[in-house]
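Biologist: I would like to go through this model with you, beginning with a single side chain and then widening the view. Could you take my questions in turn?

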Amino acid sequence: MEPRVADPFADIRPFNDDEVRETVDRILASRECLTALLRFRLGDRWLPLAPLLRPLARWYLRAQAKDLTTVTDFQMRVKGYVEQMIAETTAGFSVSGLEQLESTQAYLFISNHRDIAMDPAFTNYALHRAKHDTLRIAIGDNLLTEQWVADLMRLNKSFIVKRSVSGPRELLAASKQLARYIKHSVQQDNVPVWIAQREGRAKDGKDRTDPAVIKMLSLARDKRVQDFGEHIDALRIVPVAVSYELDPCDATKARELLQLETTGSYKKTGDEDVSSIGLGISGNKGRVHVHFGTPLQQGFESPEEVAAAIDDQIISGYRLFSTNHWAYNRLYGQIDPPTGLEVGSVSRSAFEARIDAIPTREQPFALANYANALKSAEQKLEVR
């Protein structure tokens, strides 16, 4: 009998099919999970009744999950909730650019980052609907502070980015492991991968790729046989632009940015990320559009060049709505509507009322969250 080869990615990779059943059972046994689900569905006012409701919730969920034995089974169940979310919280969902990509080919999708959960969810749904394989999705361990959350994410093909490691040696080791896993997924497993263009959401509406992300990817390069440009080409990087007519988290982002500007720091509350995820899922998003760019194949020589090329495609592919134009006019001054502006589903009066409901000092930050997508497009045209 041959010795079993150790899995170098065991602590970060998504779960395999043979791990699904035990993981589902572990999640359903979690008191914290059941309480969180009750809170999400029923609100805080029901929490005093949680001891009575948890057994009912566990019985219901076990009945729903009794046939889940593979990752595909789990994702097909999630698909129903995603479609319900799209029907209830958007005014329409559209996709462009996928006709340029091979459905049997794995790519590394690098997208702008406006929403913690919805950016990869919308990208994943667009791919699935077009008969592409579903994504392996990067998620920071800062969002996985509870075991049941980590279990749930890894069931849904998420892999872990170790942001909480301390010390330069540990950080380098974690970054190398991450880069190798992404490369292995795309090139050996032929499974597509999603990562964000930067750590943290673009709360100011400026979609810019952090070259540090590209430097991390380059840690998987074998310098003896491959130069930087060849390594980037082989990863088959495809920029993705996810556009929202409305941002459910616009007010909370504005509050954070004002505090950063006035005090120089901002400390999150313990459940703030979870709250932002919930608001992003349940809040009104208006129209949503996902644009897939073309694979980067340009003989790049530096991470900065790659980042600039990703930015170029994301800014070009971002779908501008009237909300972006109205915010720009109010923040920076009147300009004519840009070519290709989509009217969307929100009236100007409703958008103005939305902004006016935000505290006055925070309003410029909320407006910038919408206006800067248009400003980036204008600056891109000026450069050309």
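Biologist: Which side chain makes a polar contact with the side chain of Thr209 at 2.9 Å?

Modeller: Bear in mind that this is a predicted model. The side chain of Thr209 makes a polar contact with the side chain of Asp311 at 2.7 Å, and the partner at 2.9 Å is the side chain of Gln197.

Biologist: Is Thr209 buried or exposed, and where does Thr209 lie?

Modeller: Thr209 touches Gln197, Ile214, Ala307, Ile310 and Asp311, leaving out residues up to four places away in sequence. Its relative accessible area is 7%, and because buried means under 20%, Thr209 counts as buried. As for its place in the chain, Thr209 lies in the loop between strand 5 (193-196) and helix 8 (211-218).

Biologist: Which helix gives the largest share of the largest nonpolar core?

Modeller: The largest nonpolar core has 50 residues, and those with the most contacts inside it include Leu108, Ile182, Ile195 and Leu217. Five residues, the largest share of this core, come from helix 7 (residues 168-188).

Biologist: Which residues does Ile195 contact, leaving aside neighbours within four places in sequence?

Modeller: Ile195 is among the residues with the most contacts inside the largest core. Its contacts beyond those neighbours are Leu108, Phe109, Ile110, Ser111, Ala138, Phe159, Ile182, Val213 and Leu217.

Biologist: What radius of gyration does the protein chain have?

Modeller: The protein chain has 15 helices and seven strands, and buried residues make up 50% of its 384 residues. A compact globule with 384 residues would have a radius of gyration near 21 Å, and the protein chain agrees with this, having 21 Å.

Technical notes: Residues are numbered from 1 along each chain as its sequence is written. This is a predicted model: local features need pLDDT of at least 70, side-chain atom pairs count only at pLDDT 80 or more; totals for chains, interfaces and linings use all residues. Side-chain values use heavy atoms; hydrogens and water are left out. A nonpolar core is a set of buried Ala, Val, Leu, Ile, Met, Phe, Trp, Tyr and Cys residues joined through side-chain atoms within 4.5 Å. Buried means under 20% relative accessible area, exposed over 50%, partly exposed in between (1.4 Å probe, protein chains only). Helices (H or I, at least four residues) and strands (E, at least two) are DSSP runs, numbered from the N terminus. Contact means heavy atoms within 4.5 Å. A polar contact is a pair of N or O atoms within 3.5 Å; within protein, one must be able to donate a hydrogen and the other to accept it, and residues adjacent in sequence count only if both atoms are side-chain atoms. The radius of gyration is taken over C-alpha atoms; the globule rule is 2.2 Å times the number of residues to the power 0.38.
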